[in-house]
Each structure stands twice: as C-alpha cells, then as structure tokens.
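Dear colleague,

Please find below the structure that I am handing over to you. I should be grateful if you would look through it alongside the notes that come after it.

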Amino acid sequence: MGLGSYQPDRVVTNDELSQIMDTSDQWIRDRVGIIERRFAAPDETVVDMGVEAGSKALADAGLTASDVDTVIVATCTMPAPIPNAAAQTADRIGIKAVGAFDVNAACAGFCYALGMASDLVRGGTANRVLVVGAEKLTDVVDPVDRSTAIIFADGAGAAVVGPADTPGIGPVAWGSAGDLVDTIYMREHKYIYQEGQSVFRWATTQIAPVALDALALAGLEPSDVDVLVPHQANLRIVEAIAKRLRAKGAREDMVVADDIVYSGNTSSASIPMALDHMRAKGQVRSGDLALLVGFGAGLSYAGQVVLVP
C-alpha cells in the first residue's frame, strides 16, 4: 500500500575509505560496484532509521498510525536482543499497543517479514502491517577490514501491507543454507566476517533458481517481470542473477535495481530502499510487477513477487 526509505546524511566515498585502508576507488568499483555509501551518525540507531522510513511509508499509503495494528522490523544489527526494535519503532511513530516483533533473517529479512505480513492479513490476524527493514551495519563492521568495510552501510526501508481486491504479494519461495554458516558470521560477537569468494559463488549459482521458484508459485513466467530487485549485495552478483533470469526468458528491458552503487549493502534494508528509490526516479511505476530476492550465504534466502504500490 505504500513505500518509504531513509538514509543517513553522511556520504562516504571510496576515496575516503582509501585513506584508512589498503584500497582505492577503482579497486572497489571493479570488485563490488560501489561508488559511495551512507554511514549513520554515532548516536543514530536502528530504531531512529526505522522510524523515519516507517513514517514515510505510512504517509505514502495515505494512512495514520491508528490504521496499523502490527509492526514487523527485519534487522540483524540491534545492539541487544531486548528490547526489540519493532515495539520501539511502533511507539515512536505513534502506533500504540499493537503486535510488534523483530525478524532476523539477515539480508533476506525484508522478504521474510513481507511474506509474514501478507499471511497475517490473509489469515485475518492483522488488518494493516508496517514492515520495516533497518540496519546499522557500521556498528558491526571492522572499519579497516576491506573485505567488509567497503561493502556494508546503514539505512532503512519500509512498506505497508493491507487488504486489497487484487492480490499484490505472491507466495514466498524461501529456504536456508545452514551448511554455509561459516561463510558469514559474527567473529567474537563483535565484527562481521565474510568469506567473499564463497559467498559470491553461492549467490551467483543458487539464487536465480529461487527467483524462478517464486515466479512459479505465483503462476508467472520470467517474461512477466517488469523489475528485478535482488538484495543489493554486490553489483556483480546482481548482474549475474539478472543474466541468468534473462537466459530463462526474462525480457531484455527488465529493469534491474543497482541501488548498491550509491547506497552500499544495507542488508535487510536494501530491497525496500532500492524499490523506493527506483520509484522516486521514475524507473518503476505503480502496478509494475517486481521480483524481490533476498539472500545471505549461510543464513537464509527468499524470493517473492509483488506489485509496486
């Protein structure tokens, strides 16, 4: 029913990162496709960013806080598991005494949460759900580790899910790769560790089939897709997924999200943020069919089809 997003004010360029680690603008562009990213202020939190994105999504949907009865926040970067982000986000937006819980499926988190929101509405448990993906990855990234510090960034995206005459969210094709947990994990409960080559090989070979599964569950073909919005992990991964889908019949004019170029990898926030940015730029229009694909090696993955609000 509506979309919203938020990015911190601070823009961090590749040249700035090259001053504190052994890297360069060209090296980063060649390997991950990122030109710049946004870092939150030291006192800016996951909840702060979620509130901004969630408030914009409500306004975009033409709703007020009293119209929402459930809030779900997808995040893997809350500094502590208690209290959760959802209850705090709801309260600060003015959504009082509602169901509120967090989902941690890392980079697939928004797809998981969106699917849960859709099922809650279909099942009659909820009427309108605010779904937020918000991450402050700079809290959990070693600032001088070029395998992670050049990639991850901060931000939030949100969507409002509610009843509609025509279904706008398809079934979720999801799963996990528990045998790959050693490819991305928190080292000593402090910093993210990532085995870059293993993640790249897994994502470029295993994620396009998930996208095709999502289309099949929705009774659609690759040629029906107007816009592909995969998790903004790495531009080379995004392009590889798009190439595989085109080989399976997706149109050459299918729009492919490349928000990572100026936003970096914001984990669960990347899909809703990219979709909101694309709509603002006129790259997608209301009613377009978007194929969303979230993934994080060793964690969880999911694909689903949605209609752009």
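The notes below describe a sheet, the helices that pack on it, a second pair of helices and one buried residue.

Please bear in mind throughout that this is a predicted model.

The sheet

The sheet is open and consists of five strands, in the order β8-β14-β13-β11-β12, with mixed pairing. Its edges are formed by β8 and by β12 (255-256), each of which pairs on one side only.

Strand β14 is a good place to begin. It spans residues 300-307, and six of its eight residues are buried, so that the strand is mostly covered. On one side, β14 pairs with strand β8 (residues 173-176) in the antiparallel sense, over four bridges. Within this pairing, G175 stands opposite Y301 of β14. Strand β13 (residues 289-295) also runs antiparallel to β14, and seven bridges join the two. Here L291 faces a partner in β14, namely V305.

A parallel pairing is found between β13 and strand β11 (residues 227-230), which are joined by four bridges. In that pairing, V229 is placed opposite L292 of β13.

When you inspect these strands, it may help to recall that side chains in a regular strand alternate between the two faces of the sheet.

Helices on the sheet

Two helices should be viewed together with the sheet. Helix α6 lies across β8, β13 and β14, and its direction is at about 40 degrees to β14. Helix α7 packs on the sheet as well, where it touches β11, β12 and β13; its direction makes about 140 degrees with that of β11.

These helices also pack against each other. How far apart are the axes of α6 and α7, and at what angle do the helices pack? The axes of α6 (residues 196-217) and α7 (residues 235-247) are 9 Å apart, and the angle is about 40 degrees. The two helices are therefore oblique to each other, and their crossing is right-handed. On the α6 side, the contact is made by F200, A203, T204, T205, I207, A208, A211 and L212, while α7 contributes R236, I237, A240, I241, R244 and L245. Sorted by class, this contact has ten nonpolar, two polar and two charged residues.

A second helix pair

Helix α3 (residues 46-61) and helix α4 (residues 85-93) form another packed pair. Their axes come within 9 Å and cross at roughly 55 degrees. At that angle α3 and α4 are therefore oblique to each other, and α3 passes α4 in a right-handed crossing. The α3 residues in this contact are V47, D48, G50, V51, G54, S55 and L58, which meet A85, Q88, T89, R92 and I93 of α4. By class, the contact of α3 with α4 comprises five nonpolar, five polar and two charged residues.

A single residue

Finally, I would draw your attention to D276, which is found in helix α9 (residues 270-281). Is D276 buried or exposed? Its relative accessibility is 12%, and it therefore counts as buried, the cut-off for that term being under 20%. Leaving aside residues up to four places away in sequence, D276 touches L3, G4 and S5.

With kind regards

How values were computed. Residues numbered from 1 in each chain as written. Predicted model: local features only at pLDDT ≥ 70, side-chain atom pairs only at ≥ 80, totals over all residues. Heavy atoms only, no water. Buried < 20%, exposed > 50% of the residue type's maximum accessible area, 1.4 Å probe, protein only. Pairing = 2+ DSSP bridges. Axes fitted to C-alpha atoms, helices over the stretch in contact; angles between N-to-C directions. Parallel < 35°, antiparallel > 145°, perpendicular 65-115°, else oblique. Left-handed = near helix turned anticlockwise from the far one by under 90°. Contact = heavy atoms within 4.5 Å. Nonpolar A, V, L, I, M, F, W, Y, C, P; charged D, E, K, R; others polar.
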